[in-house]
Amino acid sequence: MIKKLSLLLLTVSSFYNIAQLEASSIRKLYPKPAVHSPQNAVNKTTVQRPLYALDYQYTNKYDYKQTSRLHYNKSGLVDSVVVTDTSKSANLFYSTLQYDSRQRTILQLIFPAKGTGYDHPIRLKTEYDSSNDESFSITEKTTDGINFAIESGAKFTKKYDAQGRYTRRFTFSWNPTTNQFDSSSVTVLTWPSIKGKGYTDSLTYDVSSSGPKYNDFRYTKIVWDNFAKRHIKRTVLQQYDPVAMKWSDTLSLNYIWTNEDFVRTDSDLVMGMPTEKIIYKAQPYGSNTFTVFEYNMGSSKFDSLYRAVNNYDAEGNQVLGTEEQYNASASRFRIVNGFRVLFTNDANGNHLVRTTESWDNSTKSFAPESKRVYRNYGAYTGLDADVLVNSADKTFRLYPNPAANELYISVNQSDVLVSIRSITGALLYQFRSVNGISERLDISAFARGMYLVEISGAHQVPQVLKLVKE
């Protein structure tokens, strides 16, 4: 999903894979049949389900402190978050999330604090196609708190062949100047046909919709070792030459598979010589190690160059990610960059402390980078929608909740704006409380369901309560 709001979203430790395999790019273009996969580990902060809510405090080595309040729905997915800058005793933002029947995020509403550049709610929308790929992903903002307008995003469309396989995937990116989606690129797939024992004559590439440009590349002459597993046996990487106006073979990639492990040897087709070799080892829970060897023309052998190690636990949390450079004099790999994550759990397996350590080259060891302390685990006690999610200062409250015809809103501050929104962020009712008194509202005309009641002042993050209309 395309987002420009990274500072407002929940952050998790990430590690860039320095040698992303070309094979994975091709395999993504030829997706396997869609399978329902577990919820991403970002929302899995504990192994115990169902959860009601939990808090965690984040502290980094620069003494920045941030507290997050997570509320879970009955499927164990985070449906609302409140984030507070503990160092400044100020709220940062409140956010609600919605999922479809396959537990994919389809809508996120963000209510940011004043001074972030977004003084009104922000809305993130995502739609998916039948292949489980994103077909629509946008960020919307509102300047008046009522009307939302697209700020950035993209949409994707596909064309299919007679067998139902997509052969074209068009990308349209949002153009803020013209306020419309403009064609930006196209991915072309020519599906393989069976010839002998393998699959061959396959082509994939991703180029500008106006045609290939300099340094555009594509994979061609693909031979499959096992198409059902998307294991490639051999392919050629081509680069576009705009002067000659043609594609030229540049690199040959050759794979030898053993279960999910492989050895890949690359050869420069222009120079007519090997360039590097990659050994990939798959481990449980998605963990993996791959080692890169560079071809030595003097010795006509492959020399170890570097290694990347990525380890995950049974919950899907990445617990180790390292880049390791080979030291020829010591005949071993040495870590040059990376991190590891350590968990302290209670007797039920709930996380109590999550410590992230980063590699320190000066001491040649892992050093504390940040820490999350989890607390206030809760269990379901009935209806979860009537909970005061952002209740740190008890600024306002609703009663009764759920409500059928009448709703009372009690506000203990003056000069604040109270808004009632649909679950998608649409503004339904709004009034300003000048003297900080209780207001009686007639909501008999509201349809049954869930609503968001928002209160916003001049110098604070909006606070939001969930209201259930019976």
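Here are three short exercises on strand pairing in this predicted model.

**Exercise 1.** Find how strand β16 and strand β17 pair, and which residue of β17 is the bridge partner of phenylalanine 262.

*Solution.* Start by locating the strands: β16 covers residues 261-268 and β17 covers residues 273-282. Next, look at their pairing, which is antiparallel and runs over seven bridges. Then go to phenylalanine 262, whose bridge partner in β17 is tyrosine 280. Finally, visit the hairpin itself: four residues lie between the two strands, and glycine 272 has a positive phi near 70 degrees.

**Exercise 2.** Continue to strand β18 and work out which residue there stands opposite lysine 277.

*Solution.* Begin with β18, residues 288-296, which pairs with β17 in the antiparallel sense over seven bridges. Now follow lysine 277 across to β18, where phenylalanine 293 stands opposite. To finish, check the hairpin of β17 and β18: there are five residues between the strands, and tyrosine 285 adopts a positive phi near 65 degrees.

**Exercise 3.** Give the strand order of the open sheet that contains β26, and name its edge strands.

*Solution.* First, trace the four strands of this open sheet, whose order is β27-β26-β29-β30 with antiparallel pairing. The edge strands are β27 (427-433) and β30 (463-469), because each pairs on one side only, where pairing takes at least two bridges. On average, neighbouring strands here are turned by 20 degrees against each other, direction ignored. As a last step, zoom in on β26 (residues 416-422), which is joined to β27 by six bridges in the antiparallel sense. Within this pair, arginine 421 stands opposite leucine 427 of β27.

How values were computed:
Residues numbered from 1 in each chain as written. Predicted model: local features only at pLDDT ≥ 70, side-chain atom pairs only at ≥ 80, totals over all residues. Heavy atoms only, no water. Axes fitted to C-alpha atoms, helices over the stretch in contact; angles between N-to-C directions.
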